[in-house]
Amino acid sequence: FINLVDVGVIFGNIIDNAIESCERLDIPYKKIILCVTQLEKFIVIKIQNPVQAVIQEKNRLITLKNDKEKHGWGMLCLKEALRKYDGNYRYKIEDKQFSLTIFIPIRQ
């Protein structure tokens, strides 16, 4: 029920962000966990990765890249794709771990 372009936007953005976060870390062990499941009448997508630094302004994540005009649009694109399906997301940063959970109601 989700357009393939939107599937690409959703997974492309969250996986790219997780990989880029890991690339910034100077630690030997880096792990990205991605889980997709159905919970009652929702598709739930969860991604977790280590993070060194996060910049937030007004509940919005800000890119760490230098060219802020060309970068930092991923989460906005994610939000727009989810809006089409009445989906939503939430994130938390705890113990140098970034966790993002996406909820998309299943349409019959």
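## Exercises on a predicted model

The side chain of Asn 13 has a polar atom 2.8 Å from the backbone oxygen of Val 9. A polar contact is a pair of N or O atoms within 3.5 Å; within protein, one must be able to donate a hydrogen and the other to accept it, and residues adjacent in sequence count only if both atoms are side-chain atoms. The model is predicted, with local features needing pLDDT of at least 70 and side-chain atom pairs pLDDT 80 or more, while totals for chains, interfaces and linings use all residues. Residues are numbered from 1 along each chain as its sequence is written, and side-chain values use heavy atoms, leaving out hydrogens and water.

**Exercise 1.** Place Asn 13 and Val 9 in the fold, and state whether each is buried, partly exposed or exposed.

*Solution.* Step 1: find the element. Asn 13 belongs to helix H1, residues 4–23, and Val 9 lies in H1 as well. Helices (H or I, at least four residues) and strands (E, at least two) are DSSP runs, numbered from the N terminus.

Step 2: apply the accessibility classes. Buried means under 20% relative accessible area, exposed over 50%, and partly exposed in between, with a 1.4 Å probe and protein chains only. Asn 13 has 18% and is therefore buried. Val 9 has 23%, so Val 9 is partly exposed.

Step 3: list the contacts (heavy atoms within 4.5 Å), not counting residues up to four places away in sequence. Asn 13 touches Gly 8, Gly 74, Cys 77 and Leu 78. For Val 9 the list is Cys 77, Leu 78 and Ala 81. The C-alpha atoms of Val 9 and Glu 80 are 9.5 Å apart, with these positions 71 residues apart along the chain.

**Exercise 2.** Determine how many disulfides the model has, and classify Cys 22 and Cys 77 by accessibility.

*Solution.* Step 1: a disulfide is a pair of cysteine sulfur atoms within 2.5 Å. The count under this rule is zero.

Step 2: Cys 22 has a relative accessible area of 7% and so is buried. Cys 77, at 38%, is partly exposed.

**Exercise 3.** Give the strand order of the open sheet and identify its edges.

*Solution.* Step 1: two strands pair if DSSP finds at least two bridges between them. Four strands form the open sheet, in the order S1-S2-S6-S5, with antiparallel pairing.

Step 2: S1 (33–39) and S5 (88–94) each have a single partner strand, so one side of each lacks a neighbour in the sheet. Neighbouring strands are turned against each other by 15° on average, direction ignored. Axes are lines fitted to C-alpha atoms, for helices over the stretch in contact, and angles run from 0 to 180 degrees between N-to-C directions.

Step 3: S1 pairs with S2 (residues 42–50) over seven bridges in the antiparallel sense. Cys 35 has Lys 46 of S2 as its bridge partner. H1 packs on the sheet, touching S1, S2 and S6 (97–105), and the direction of H1 makes about 15° with that of S2.

**Exercise 4.** Describe the setting of Ser 99.

*Solution.* Step 1: Ser 99 sits in strand S6. Step 2: with 8% relative accessible area, Ser 99 is buried. Step 3: not counting residues up to four places away in sequence, Ser 99 touches Lys 46, Ile 47, Gln 48, Arg 90, Tyr 91 and Lys 92.

Key:
Contact means heavy atoms within 4.5 Å.
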